[in-house]
Amino acid sequence: MSSRVCRTCGGSDIDVDQARGSAVCTNCGAVLEDNIIVSEVQFVEGSGGVSSAVGQFVSADGPVKAPLLGSGFHTGVGKESRAQTLQNGKRQIQQLGSQLQLNQHCLDTAFNFFKLVVSKHLTRGRRTEHVIAACLYLVCRTEGTPHMLLDLSDLLQVNVYILGRTFLLLARELCINAPAIDPCLYIPRFAHMLEFGGKNHEVSMTALRLLQRMKRDWMHTGRRPSGLCGAALLVAARMHKFRRSVKDVISVVKVCQTTLRKRLTEFEDTPTSQLTVDEFMKVDLEQECDPPSFTAGQHKVKMQQLEQELAKKLDEVEGEISCYTEEIETELEKSRPKLRGIYAAYTKEIDPEDEAVLSSTSDLEEKEGDDADLQAATQHLTQDFLSQVIQEEGPGKRTPDGVYNQEAAPEKEEVDERPQAIPLSSILGKLPSPASLGLQETFQTFHKSEPPENPDEEPAQTGELDLEGIDDQEIEKYILNDKEVEVKTELWIKQNADYLKEQKEKEERIKKEKEQGTYKEKKRRQRKREQIEAATAGEAIERMLEKKRISTKINYDVLRDLNQSSGSLSTPPSEPTEGAATRKRLSRRRRKTRDVNAELSANATMMTKKFRRLISSSPRKRKDAPQEEPAAAMETDSEAVPEAPPEDAPDAGPAPADAPPLLDTEEEEEAEEECVSALQLVGDYGCEEEEVF
Amino acid sequence: MDSNNDEALDIIVTNVVATFRTRCHLNLRKIALEGTNVIYKPEVGKVLMKLRKPTITASIWSSGKIICTGATSEDEAKLGARRLARCLQKLGFKVRFSAFKVVNVLAVCSMPFAVHLVNFTNNNRPIASYEPELHPAATYRIKHLKATVQVFSTGSLTVTGPNVQNVATAVEHIYPLLYECQKPRK
């Protein structure tokens, strides 16, 4: 106890008497403290002269186990919300863990994780069962038990990816590094389920060796461990002459047939598969393979390289013929004007031909280069078509003259560009060509004109839409004209008839309710809140306080003073708000808080009808409240005792405006029971963390 | 990008997501009935409108907020957004183009070597996480860049970040880490 300064005289010489529990100033004699709470250990003599300390061990987690009280209710009478959450969590962990056959140590560790999670507020917004499953899985991973996330999701009937997401988040937040899953862990479990009898161990060992081989061959990265296990077990079973079909294995391992087959084929590709059974058991090949997906990728790359080489070869061949093409083309130029006259018709004709050309050129590229001469010849023929097509699109891209007056190098460019031009032309051929050309041009001009502009600053400030680079005509295509709108409206209404009906019904319902004055906005699950009718604001506050649950954290004295200053008749409900019947029972329970309560007993005298209503109404209100446990306890308490008055009170209770006759009966009882203080009773109520305000 | 290796690493941006506001209330039913390429979802309360060029899909809400997805570059996203606003303007709404922001950029990249994911995850805990039961790739989250890189065992990466610059920086950041854990080639 720090020496304090006396309030009356300012002296600092204060005498603290532990026995009496009082602090007195030696100067003036003013009593500074009465009933000091002492933290000393008391001893009691038990039977046989054994002295033992008074008190109970309370765990650091809070009152996890309610002290056995008179009636022996374990159901969390007067516990804090946190303790309830933990208790609930523990129960669920035990339940789920026993289904998974986890030992007690694992379950305790899981509960510790859960406590960490709750203290970090990670349970908010997540279903408790997800969080618990994640904690259990975390334990499984750290301990290395052969439980899969799939098992947990099976038990809970929840999507495994949702559980996985929760698990990953918790692992990250708790900074727990779960070691990577080793497929070898699952082998004994699956082997057991496949029932190999006496040879179980041997088959498992073989499967393990196979798995290790797979690991070295880089088959296991990025794959579900259960799939690999399934493949290994299947092969091992066959090696030991057990007949296990693919279906048996997949039912145990929980992958699909395709996956299993795929793993088997991949294993087939490795050199190990070529060994015989005996050889495999003795010899370990040193060579390591690349992973299968990597080899597939490599395969693609090789194919691309081959195609490029082919293209190069073709180019070289074409280079030789280039001089001939020059002459031919110069002659064609002379005859061109006639072609231009029938431009439109020609473009349409070319479309199917373009496609044929595309397909033929792609075929050409795929051939192995044996028919290089043939290819050169066909290429030469097709070049004529291509050159004409390119020239006709020329206006947008380049002049025809420029191409042919240059030498081989630009011609190679032309040739190189042709493979690009071909796909463009085939695509363009399918769309209406003049329009497509126009679009292409505008698009290219947009692209070029975009960077130099700085439209960002001005529109951002004014919010005006910068119309640069937007083709209005094209956008108008996005908007239907009137007739189309009508047709579409009809169609849409037909399609969505059900939805429109629902909307109408909803609106009508809302209208009706508005007329009746019981219109509820959206939330249909409201508790039945009665209208608070009060004359003054102070009264209204009091009644609201009555209805809502009382909190131990509010200084009701101050509240009362506030209300009294505003001139309301009745004092607001303070801590001593308990009812007649309940107080009796509660007084038995709360002997601990007696010291504190002594102070407040004085306040207990200030009882008003509001208190009674609170008493009567609160048990009923408690029924509705989510915190059922304290309510249930209260309810059962109140109902168990066959006292008529308290029973009347809850029965008639609800509306604060009602029951003046009740007051009379209650008044009598109140007078009898003032000796018990409020806080005792409040202590039982004090399970809420919600504030009234 | 090329600073730490000889060959060039191609980072291909595949998707850019951007949002903007029109600062005016939009009547979704009118848009649905008078526009081409629109899908109206009254239960959710939005309209999906698809532009052909640039290929963009936009979700339009009646409050005037619009999300544009499917563009292949930030400029394209802006162009598409402006086109969309113009289209809405023509439909008769008093549209003002404001608060344009690129929200997410998705890019793919391929390493010339394969990666051993288990080693990579072990070296980089807890920034990297790998759950083969759930997803075949290891996820590496770079906090200061707000970017996420998913690494596959073949060496391909997918990177998501708030803009293209961050994405490029993320690839540069992660390259040396991957290089250490590469699989030995044949």
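Here are some short exercises on this structure, each with a worked solution.

Before you start, note that this is a predicted model, in which local features need pLDDT of at least 70, side-chain atom pairs count only at pLDDT 80 or more, and totals for chains, interfaces and linings use all residues. Residues are numbered from 1 along each chain as its sequence is written, chains are lettered from A and ligands numbered from 1 in the order in which they are written, and side-chain values use heavy atoms, with hydrogens and water left out.

**Exercise 1. The layout of chain B**

Find out how many helices and strands chain B has, and in what order they run.

Step 1: Helices (H or I, at least four residues) and strands (E, at least two) are DSSP runs, numbered from the N terminus.
Step 2: Chain B has four helices and 10 strands.
Step 3: Starting at the N terminus, the order is β-α-β-β-β-β-α-β-α-β-β-β-β-α.
Step 4: Of the 186 residues in chain B, 52% are buried. Buried means under 20% relative accessible area, exposed means over 50%, and partly exposed lies in between (1.4 Å probe, protein chains only).

**Exercise 2. A helix under cover**

Compare the span of helix α2 of chain B with the expected value, and say how many of its residues are buried.

Step 1: The expected span of a helix is 1.5 Å times one less than its number of residues.
Step 2: Helix α2 (residues 74-90) of chain B has 17 residues, and from first to last C-alpha it reaches 25 Å, close to the expected 24 Å.
Step 3: In α2(B), 13 of the 17 residues are buried, so the helix is mostly covered.
Step 4: Just after α2(B) comes B:Gly92, with a positive phi of about 115°.

**Exercise 3. Pairs of opposite charge**

Take the salt bridges A:Asp154 to A:Lys254, A:Lys215 to A:Asp182 and A:Glu266 to A:Arg223, and work out where each partner sits.

Step 1: Side chains of opposite charge can pair when their charged atoms come close. A salt bridge here is a side-chain nitrogen of Lys or Arg within 4 Å of a carboxyl oxygen of Asp or Glu.
Step 2: In the bridge between A:Asp154 and A:Lys254, the closest N and O atoms are 3.3 Å apart. A:Asp154 is in helix α4 (residues 149-156) of chain A and A:Lys254 in the loop between α9 (246-253) and α10 (257-269), 100 residues apart. A:Asp154 is partly exposed at 39%, and A:Lys254 is partly exposed at 32%.
Step 3: For A:Lys215 and A:Asp182, the closest N and O atoms are 2.5 Å apart. A:Lys215 lies in helix α7 (residues 200-216) of chain A and A:Asp182 in the loop between α5 (160-173) and α6 (187-194), so the bridge ties together parts 33 residues apart in sequence.
Step 4: For A:Glu266 and A:Arg223, the closest N and O atoms are 2.9 Å apart. Helix α10 of chain A holds A:Glu266, while A:Arg223 is in the loop between α7 and α8 (225-239), 43 residues apart. A:Glu266 is buried at 11%, and A:Arg223 is buried at 14%.
Step 5: A:Asp151, A:Asp154, A:Arg189 and A:Lys254 are linked in a network of salt bridges. Over all chains, the whole structure has seven salt bridges.

**Exercise 4. A glycine in chain A**

Is A:Gly11 buried or exposed?

Step 1: A:Gly11 lies in the segment before β1 (14-17) of chain A.
Step 2: Its relative accessibility is 13%, so A:Gly11 counts as buried.
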